[in-house]
Amino acid sequence: MNSTCTMAPLNLYDCTRDQLRHRLGQWGVKPVHVASLWNYLYVQQVSSVDEMRDLPAKLQAHLRAEATVGVLPPVMTTDSTDGFTRKFLLGLTDGRRVETVKMRFTGRVTACVSSQVGCAMGCVFCATGQMGFARHLTAGEIVAQVVHVARAVMLAAPAGARAEARRVRNVVLMGMGEPLHNYDAVMHAIDILRDNAGLALGADRITLSTVGVVPGILRLAAEGRALRLAVSLHAATQAERAALVPVARKWPLDELMAACRTYSEATGRRIFYEWALIAGENDTPAHARAVGALLGGMNAHVNLIPLNPTAGYGGASTPLAAARAFQHILSGEFHLPSTLRQRRGIDIGAGCGQLAVSSPG
């Protein structure tokens, strides 16, 4: 797997624990000290090498000369009136920016992170797709977003709060970009996030959302990566899907569903199918029955997401009654489980499909 852990200066967030252990050996430092270094990065969540005061002097000297803690500085922080959502606009070293969202639910905090600056997939109702593609993020830039949210959670936790209330419990790769278009960096970041000595996120706590990049889904299956896979479906026929999701022309619906079956069979995992409910476009009883027929017999769960507004798309969100009727057909006629998703952070452009680079003022 490709890794930016070999680049100079070394971004410590780009490295797995084993890679850091190897680097310490190259510096002539006992590898046992990697445990303390890792603790500083992911448990204490320091923001600079200068805060790693208990490390051996030789290691500190190498870190100051050759490495950096790749913290992403906040350009702007915005809180939603819902009281549960905070959006961060974070700066990258090349002057570009990405958006990251902290969402608080009962008993847990979720970090929604980006995998790219912009997106090349071009989904018509998505603000990120409307802005186009700039570049991939590195593994360290993905990890840094999670650490940023984790640090915010830790600082905001009241004194004496339970451990669960002081940490990020879930990560969703549903921010800017298509994760499977940046496969190597995303998987490398996931390996770092899952390390039990650090942020310790289990496979069930990491959700990867894809618009349907078939080669990436098949690679996940071949590698046995048992994550929570979410597939943006939005239509149950090839023609309707291609109108909303342009990459469906490259990877048609039948190929996508075959890849999803392969993934479920290889990993034993249920796939979550995302359906943005757009009034008059894909929210009728006939559409619901088409979904039920398409997913019949599959290990599937449908996430129904009322469309969130974006400047570049004129569609409207399905009314609540129609959304519930859609859900009733899935459960009543097809015994297909589904969830009508809560809307969070809509007023600050932090909802599903709303993330795009914005600037203060």
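Biologist: Buried means under 20% relative accessible area, exposed over 50%, and partly exposed in between (1.4 Å probe, protein chains only). By that rule, is C126 buried or exposed?

Modeller: C126 is buried, with a relative accessible area of 18%. Please keep in mind that this is a predicted model, in which local features need pLDDT of at least 70 and side-chain atom pairs count only at pLDDT 80 or more, while totals for chains, interfaces and linings use all residues. Residues are numbered from 1 along each chain as its sequence is written, and side-chain values use heavy atoms, with hydrogens and water left out.

Biologist: OK, staying with cysteines, how many disulfides does the structure hold?

Modeller: The structure holds one disulfide (a pair of cysteine sulfur atoms within 2.5 Å). C5 and C15 form it, with their sulfur atoms 2.0 Å apart, and the link between C5 and C15 is right-handed, with 100 degrees about the S-S bond.

Biologist: And where do C5 and C15 sit along the chain?

Modeller: C5 lies in the segment before β1 (10-11), whereas C15 lies in the loop between β1 and α1 (17-26), so placed that the pair, ten residues apart, links distant parts of the chain. Helices (H or I, at least four residues) and strands (E, at least two) are DSSP runs, numbered from the N terminus.

Biologist: Are C5 and C15 buried or exposed?

Modeller: C5 counts as buried at 5% relative accessibility, and C15 is buried as well, with a relative accessible area of 0%.

Biologist: Then back to C126: why is it not bonded to C123?

Modeller: The sulfur of C126 is too far for a bond, because the closest cysteine sulfur, in C123, is 6.1 Å away. C123 counts as buried, at 12% relative accessibility.

Biologist: Switching topic, which residues touch the most other members of the largest nonpolar core?

Modeller: That core has 106 residues, and L12, M52, L63, Y273 and L295 touch the most other members. Helix α5 (residues 139-156) gives the most to this core, with ten residues. A second, separate core holds five residues, among them M103, F105, C112 and V172. In both cases a nonpolar core is a set of buried Ala, Val, Leu, Ile, Met, Phe, Trp, Tyr and Cys residues joined through side-chain atoms within 4.5 Å.

Biologist: F105 looks like a strand residue to me, so what is its bridge partner in β6?

Modeller: The partner of F105 in β6 is R108. Strand β5 (residues 97-105) and strand β6 (residues 108-112) pair in the antiparallel sense, over five bridges, where two strands pair if DSSP finds at least two bridges between them.

Biologist: What does the whole sheet look like, and which strands are at its edges?

Modeller: The sheet is open and mixed in its pairing, with ten strands in the order β3-β4-β5-β6-β9-β10-β11-β12-β13-β14. Its edge strands are β3 (74-79) and β14 (338-340), each of which pairs on one side only.

Biologist: Two single residues to finish. Where is R225, and is it buried or exposed?

Modeller: R225 is placed in the loop between α7 (214-223) and β11 (228-232), and it is buried, with a relative accessible area of 16%.

Biologist: And H188, where is that found?

Modeller: H188 is found in helix α6 (residues 183-193), and at 5% relative accessibility H188 counts as buried. Although H188 and T138 are 50 residues apart along the chain, their C-alpha atoms are separated by 9.1 Å.
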